[in-house]
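This briefing introduces a structure to a reader who has not met it before. Please view the sequence and the model before turning to the points below.

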Amino acid sequence: MTTAHLTVDRAFTVAEVPHRLFGSFVEHMGRCVYTGIHEPGHPQADSRGFRQDVMQLVRELGPTVVRYPGGNFVSGYRWEDGVGPVEDRPVRIDGAWHTVETNAFGLHEFVDWAREADVEIMEAINLGTRGVEEARALVEYANHPQGTYWSDLRRKNGAATGTTQDPFDIKLWCLGNELDGPWQIGHKTADEYGRLAQESAKAMKLVDPDIELVAVGSSNRQMPTFGSWEHTVLSHTYEEVDYISMHAYYQEHDGDAASFLAEAVDMDAFIDGVVATIDAVKAAGKHSKQVDISFDEWNVWYQTGLDTEDQPHQVAKGWQKHPRLIEDAYNVTDAVVVGTLLHSLLRHGDRVKIANQAQLVNVIAPIRSEEDGPAWRQSIFWPFARIAAKARGQIMRLAVDSEQVPTQKFGDVDAVDATVTWDEDAGKLVLFVANRGLEEAADVDLNLNGLQATAISSAEVLAVPEGGDRLTANLVDSQDAVGLKPLTDVGLQDGRLHMTLPAMSWGVVELDVAAA
Ligand code: AHR
């Protein structure tokens, strides 16, 4: 049994929980849109083709903001192809994923879907093959009330397709996607991108001064240009943008589960590095405004080691409409890692203000669906859903005194990883906690300074299920194999919380608290 002592103090808080930290991502990629959120003719689809079984799971998952329409896809996309009468929309090649895009689903459909799902839209523009003119036209199309060319076209298209005609009122915009990456259509140097982003941002804000803008940061921490890319891009755009993006995907390599379970250590360091770069540009440029972080793609993704039919190199052998593409089946280990990645994002809630798990349905996603078939929750659904539902109020600074576990990649790391939020108005304090130990259970206690825990209102844990192992996953014929169960080994003593977490598990404990 390993042990960990956790301490919070009501005087030490990090920030208010950012509402947009629990974002997701819908890309025109694989089966995320088509046969994911949209499948006319499915028994559960409504008159607009929105799958209501998926919609119900999206509401249960609880994303607050959804990025759209890509991703690599957006860098070759003409948004005009996806508006107007569906029968008039062109069928195009999607070069990013080597598939055929029918454009049967476009911006109006997404706005209607997002309104029904009660999520904010985060719209990405194409700065790969396009530029300033198309960017400002899209903002006018989306947000201008009426009486101009693009806003009247929106109203006309809405009327023609039975979708919304009203201004979409999109506040949050991404200035392109992963343009530091050689794989990106329209890949650019940092100077080329920085100038284009600056001029696009100015033109977009001249159409709608209330929008918020995200500049493209590095595609991952291993990019050779990481650091200098952010520095150069922000040197051009600091006054025009509000956020810089981060992207990171993690996977288990060669059975090294210990290092994989500790990847939040990498995420912590990645965020700290980007914060340092933002602040260096701020200081050197004598800026007073604060640029923050939009971590707008993150997740577990098995990018190497698989040769299944849904891998991009296999899909690229033909030209298909919405083929299966990277439909990773997530197991218990992946769910624990996703829990800890969310802890990392919360720990940095003073600077990470937006985060989007990539993606929402089928494509490396917490929700799976089959064409003409069922929809279900993957293992990683659970930590996201609980944290999105229960992290409210202030993020607390947490002192962690944990026994260590050895890892090849990071050396010794804390066996127990956690974060705490405190909602003073509701009188609730919530501990989100993972045991990264592969073999041993963990004895965890939480000491509250300045607060008195009066009751445990709920306690749940996700762990290896009976009869399963750490690779057990929720599949089409075993949709509920992995999930949250009541945590029974938990109690309060003298206002202090004690619990035992099974090996390799993720848990959530909600307390009623009062001022001590
Ligand atoms: O989410 C899948 C892909 O990962 C996105 O299209 C791209 O931005 C990233 O490389």
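The points that follow concern the ligand and its surroundings, and then the salt bridges.

The model is a predicted one. The ligand occupies the largest pocket, and the structure contains 37 salt bridges.

**Surroundings of the ligand**

- The residues around the ligand include the aromatic side chains of Phe-25, Trp-97, Tyr-249 and Trp-301.
- Glu-27, Glu-178 and Glu-297 also belong to the residues around the ligand, as do Asn-72, Asn-177 and Gln-359.
- Gly-71 and Ile-364 are further members of this group.
- By class, the shell around the ligand comprises 5 nonpolar, 4 polar and 3 charged residues.

**Polar contacts and cover of the ligand**

- In Glu-27, a polar side-chain atom is found 2.6 Å from an oxygen atom of the ligand.
- For Glu-178, the distance between a side-chain N or O atom and an oxygen atom of the ligand is 2.7 Å.
- For Asn-177, the corresponding distance from a side-chain N or O atom to an oxygen atom of the ligand is 3.0 Å.
- On its own, the ligand has 280 Å² of accessible area, and the protein covers 95% of this area.

**Salt bridges**

- Among the 37 salt bridges is one that joins the side chains of Arg-51 and Asp-53, with an N to O distance of 2.8 Å.
- Both Arg-51 and Asp-53 are buried.
- Another salt bridge links Arg-59 to Glu-116, and its closest N and O atoms are 3.9 Å apart.

Terms used
Residues are numbered from 1 along each chain as its sequence is written. This is a predicted model: local features need pLDDT of at least 70, side-chain atom pairs count only at pLDDT 80 or more; totals for chains, interfaces and linings use all residues. Side-chain values use heavy atoms; hydrogens and water are left out. A residue is near a molecule or strand if one of its heavy atoms lies within 4 Å of it. A polar contact is a pair of N or O atoms within 3.5 Å; within protein, one must be able to donate a hydrogen and the other to accept it, and residues adjacent in sequence count only if both atoms are side-chain atoms. Accessible areas come from the Shrake-Rupley method with a 1.4 Å probe; for residues, only the protein chains shown count as cover. On a 1 Å grid over the protein atoms alone, a cavity is a set of points where a 1.4 Å probe fits but cannot get out, and a pocket is an open set with protein on both sides within 12 Å along at least five of seven lines; lining residues have an atom within 4 Å of a point. A molecule sits in a cavity or pocket if more than half of its atoms lie within 2 Å of its grid points. Ala, Val, Leu, Ile, Met, Phe, Trp, Tyr, Cys and Pro count as nonpolar, Asp, Glu, Lys and Arg as charged, and the others, Gly among them, as polar. A salt bridge is a side-chain nitrogen of Lys or Arg within 4 Å of a carboxyl oxygen of Asp or Glu. Buried means under 20% relative accessible area, exposed over 50%, partly exposed in between (1.4 Å probe, protein chains only).
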